[in-house]
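Visitor: I am new to this one. Could you show it to me and explain the terms as we go?

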Amino acid sequence: HVQYTNNVQIFNMTSYLSTYDKFYIDLVFVSTNSSGSLHLYYKFHDSSNNEMDIRYVGKGYSSGDSSIVTAAGTGDYFRPNYAVQAGTTFSSQFYIENSRSSSDNEWNAHITGRSCWYREGGGVTACDIAAMAQTKDKFGYFLLDADAHNGNGTHGKVLANLYGITQR
């Protein structure tokens, strides 16, 4: 198992950017902590491996029918969940839509998807997520970061698949 506290690179998509405009990521994070909970964060870098500023939102519901907001705002990473209980699994499926224009514009590259996890104290939780790049570039790298929420564990295993689905 790996400690995910320092922006661990999951995918480098740059070699595929000349062929694909749209990607699909199927991600499963298995928390290997024995107690507590953690937050996972998504971070993206552009095709030159620079941090990307993005605008993002994540909103959903827990099994007790309580509304949640995992993230809303701007920055260089966003949280598609919170309080993932130790010893449980977080999953997320999302599309990365990079611009199909040769002259990228702001707000062209974006992400849409869904997350599911067992929230400590809240039960089964599902959330829709979305983000848009504030820069004129494509999403080139996907990184994952974890912060302890309750306790100090940030360890887990990532099982992830990347699919290029729309050719230029």
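Guide: Tyr 95, Tyr 163 and Ile 165 form a nonpolar patch on the surface, with about 280 Å² of accessible area together. The model is a predicted one, in which local features need pLDDT of at least 70, side-chain atom pairs count only at pLDDT 80 or more, and totals for chains, interfaces and linings use all residues. Residues are numbered from 1 along each chain as its sequence is written, and side-chain values use heavy atoms, with hydrogens and water left out.

Visitor: What makes Tyr 95, Tyr 163 and Ile 165 a nonpolar patch?

Guide: A patch is made of residues with over 30% relative accessible area and no salt bridge; nonpolar side chains (Val, Leu, Ile, Met, Phe, Trp, Tyr) are joined within 5 Å, like charges within 9 Å. Accessible areas come from the Shrake-Rupley method with a 1.4 Å probe, and for residues only the protein chains shown count as cover. Tyr 163, in strand 13 (residues 155-167), has 39% relative accessibility. Strands (E, at least two residues) are DSSP runs, numbered from the N terminus.

Visitor: Why is Tyr 163 called partly exposed?

Guide: Buried means under 20% relative accessible area, exposed over 50%, and partly exposed in between (1.4 Å probe, protein chains only). Tyr 163 is at 39%, so the middle class applies.

Visitor: How do you know that Lys 22 forms a salt bridge with Glu 97?

Guide: The term requires a side-chain nitrogen of Lys or Arg within 4 Å of a carboxyl oxygen of Asp or Glu. The closest N and O atoms of Lys 22 and Glu 97 are 3.4 Å apart, so the pair qualifies. Lys 22 lies in strand 3 (residues 20-31) and Glu 97 in strand 9 (residues 89-97), so the pair ties together parts 75 residues apart in sequence.

Visitor: Why is Glu 97 called buried?

Guide: Its relative accessible area is 13%, so Glu 97 falls under the cut-off for buried. Lys 22, with 24%, is partly exposed.

Visitor: What makes Arg 114 and Asp 128 a salt bridge?

Guide: Their closest N and O atoms are 2.5 Å apart, so the distance rule is met. Arg 114 is in strand 10 (residues 110-119) and Asp 128 in strand 11 (residues 123-133), 14 residues apart. At 39% for Arg 114 and 43% for Asp 128, both count as partly exposed.

Visitor: Which residues do salt bridges that share partners join into one network?

Guide: Lys 43, Glu 51 and Asp 76. Asp 76 and Lys 43 have their closest N and O atoms 3.1 Å apart, and Lys 43, at 4% relative accessibility, counts as buried.

Definitions and conventions: Helices (H or I, at least four residues) and strands (E, at least two) are DSSP runs, numbered from the N terminus.
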